[in-house]
Amino acid sequence: MRFMFVIKASKDSEAGVMPPAEMISAMADYHGELAKAGVLLDGSGLQPSSKGWRITWSGGKKTITDGPFAETKELIAGYTIIQVKTREEAMEWANRFPNPQIENGQIEIRQMFDLEDFEPSEGIDRFREMGIAQDRP
Amino acid sequence: MAANHGPPQPTMPTDFVSDDSVARSRATHRAIETVFRMERARIVAALTRFTRSVDLAEELAQDALIAALRNWPVSGIPDKPGAWLITSARRRAIDHFRRAKMANGKLALLGIDADVEAMAEPEDGMGDDMLGLMFVSCHPVLSPDARAALTLRLVGGLTTEEIARAYLVSEAAMAQRIIRAKRTLSDACVPFEVPAGQDRADRLSSVLEVLYLVFNEGYSATRGDDWMRPQLCQEAMRLGRMLALLAPNDAEVHGLIALMEIQASRLPARTDAEGKPILLLDQIRSRWDHLLIKRGLAALAKAEAT
């Protein structure tokens, strides 16, 4: 099963403040442990929302809004994807994650979809064709 | 987590223990067992180097788990649980050797330095221990089947029952295979080492062969089979990724990872809804796993650059 550790944004990450050397070093140690255990699949930091944009569908209308976006706590600043055997293992790895922000940090852990979890159906077949949600092997 | 348990609970007769506290203690046990499972291979590797016996190392690791289950619910899970478990297992190893020494002065025969206290502290070189363990479990003195079983048990940390299910044999038969493999290793006095030169190249190719055998065993399983079989693919890939960090300068390792990641990327497209195989050219490419393709190509580039 795959899990995504979603790193929430902060005032600093949104202001484009680069993480201090000690934090980068702690992150490298942690991700090194994930890699040594063979469970690290992917990960990246994200640039501030001022460099991004949004597309919103509302009332049959599509609008494009340029960043930055105000609700800092709802934004994300990075992600790490791991593949483990059990949910408990994901919990344990998540507990070892270093604080990803200079001040108040938050990570959110989400299990990624695996279509094999669902009963076969026409809808699931169409999802499958979109090429999303593949946990196997 | 044990570290967050609430205020002390009044002692109650066990019949009246609240569901809450039972659930909490179960969750703590599950968390401890998970930590142990994650650290098990490292403990066995360190203890094998220390005791020169995989069998004894496994036994001592199990004792360390029991100690953790006794201590951690009270003290909380330590910051470095792996180091705690290794230290605890080493203390037991030292006790074990002291008893052996008193019994018949066999310590020297076992090739153990008499100054066991000096070896009690965990050292660096954990990576070499893990690599050494892989070389032992994939030793050419063992049959290919035995190498695969022992590698999954010692390095993968799978239970005998899980390995048996994956290989479609009874648990008793798999347990026998593992016991025989350990006996073969000890009869042949296989040293715990990371070999050098041509020897290293030969032994490394044996490790790679075992990983590929395990991968193929899972890859040939079709949908609808026991979930443990596809799990073999994942485990082989995980062990390959581990090996790539332990032996980063061996191009062959990156080559094998590239092969496994790219082959595995096609698994979701390989069968239709009824589980019938779909040939490569007829596969829907959007079903390929693009994260694995990316990882496979990166490994290929590393293999070429090494």
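# Notebook: a look through chains A and B

I began with the fold of chain B, which reads α-α-α-α-α-α-α-α-α-α-α along the sequence. That makes 11 helices and zero strands in chain B. Here helices (H or I, at least four residues) and strands (E, at least two) are DSSP runs, numbered from the N terminus.

Note to self: this is a predicted model, where local features need pLDDT of at least 70 and side-chain atom pairs count only at pLDDT 80 or more, while totals for chains, interfaces and linings use all residues. Residues are numbered from 1 along each chain as its sequence is written, chains are lettered from A and ligands numbered from 1 in the order in which they are written, and side-chain values use heavy atoms, with hydrogens and water left out.

**Entry: burial**

I looked up how much of chain B is tucked away, and 48% of its 306 residues count as buried. Buried means under 20% relative accessible area, exposed over 50%, and partly exposed in between (1.4 Å probe, protein chains only).

**Entry: helix 1 of chain B**

Where is the kink in helix 1 of chain B centred? I found it at Glu39(B), with an angle of about 50°. The bend at a residue is the angle between axes fitted to the seven residues ending there and the seven starting there. Just after this helix, Arg52(B) has a positive phi of about 65°.

**Entry: salt bridges**

I counted a salt bridge when a side-chain nitrogen of Lys or Arg is within 4 Å of a carboxyl oxygen of Asp or Glu. Over all chains, that rule gives 25 salt bridges.

In chain B, I looked at Asp129(B) and Arg49(B), whose side chains form a salt bridge at 2.6 Å, N to O. This pair links distant parts of the chain: Asp129(B) is in helix 4 (residues 126-137), Arg49(B) is in helix 1 (residues 19-51), and they are 80 residues apart. Asp129(B) counts as buried at 3% relative accessibility, whereas Arg49(B) is partly exposed at 21%.

Next came Asp55(B) and Lys182(B), with a salt bridge of 3.2 Å, N to O. They also link distant parts of the chain, with Asp55(B) in helix 2 (residues 54-75), Lys182(B) in helix 7 (residues 171-187), and the two positions 127 residues apart. Buried or partly exposed: which is Lys182(B)? Lys182(B) is buried, with a relative accessible area of 13%, while Asp55(B) is partly exposed at 42%.

Then I found a network of salt bridges with members from both chains: Glu33(A), Lys36(A), Glu92(A), Arg96(A), Glu39(B) and Arg42(B). Glu39(B), one of its members, is also the residue at the centre of the helix 1 kink.

**Entry: around Glu108(A)**

The side chains of Glu108(A) and Arg110(A) meet in a salt bridge of 2.9 Å, N to O. Arg110(A) is partly exposed at 49%, and so is Glu108(A) at 28%. Glu108(A) has a polar contact of 3.0 Å with the side chain of Lys8(A) as well. A polar contact is a pair of N or O atoms within 3.5 Å; within protein, one must be able to donate a hydrogen and the other to accept it, and residues adjacent in sequence count only if both atoms are side-chain atoms. Lys8(A) is in strand 1 (residues 2-8) of chain A and counts as buried at 10% relative accessibility.

**Entry: loops**

In chain A, I checked the peptide bond from Gly67(A) to Pro68(A), which is cis, with omega near 0°. Pro68(A) is in the loop between strand 4 (61-66) and strand 5 (76-83).

In chain B, Leu168(B) has a positive phi of about 55° although it is not a glycine. Leu168(B) sits in the loop between helix 6 (160-166) and helix 7 and is exposed at 61%. Cys189(B), another residue other than glycine, has a positive phi near 50°. Cys189(B) is in the loop between helix 7 and helix 8 (197-219) and counts as exposed at 63%.

My last stop was Asn249(B), in the loop between helix 9 and helix 10 (251-265). Asn249(B) is exposed, with a relative accessible area of 67%. How many residues apart in sequence are Asn249(B) and Thr306(B)? I got 57, yet they are 6.1 Å apart in space, C-alpha to C-alpha.
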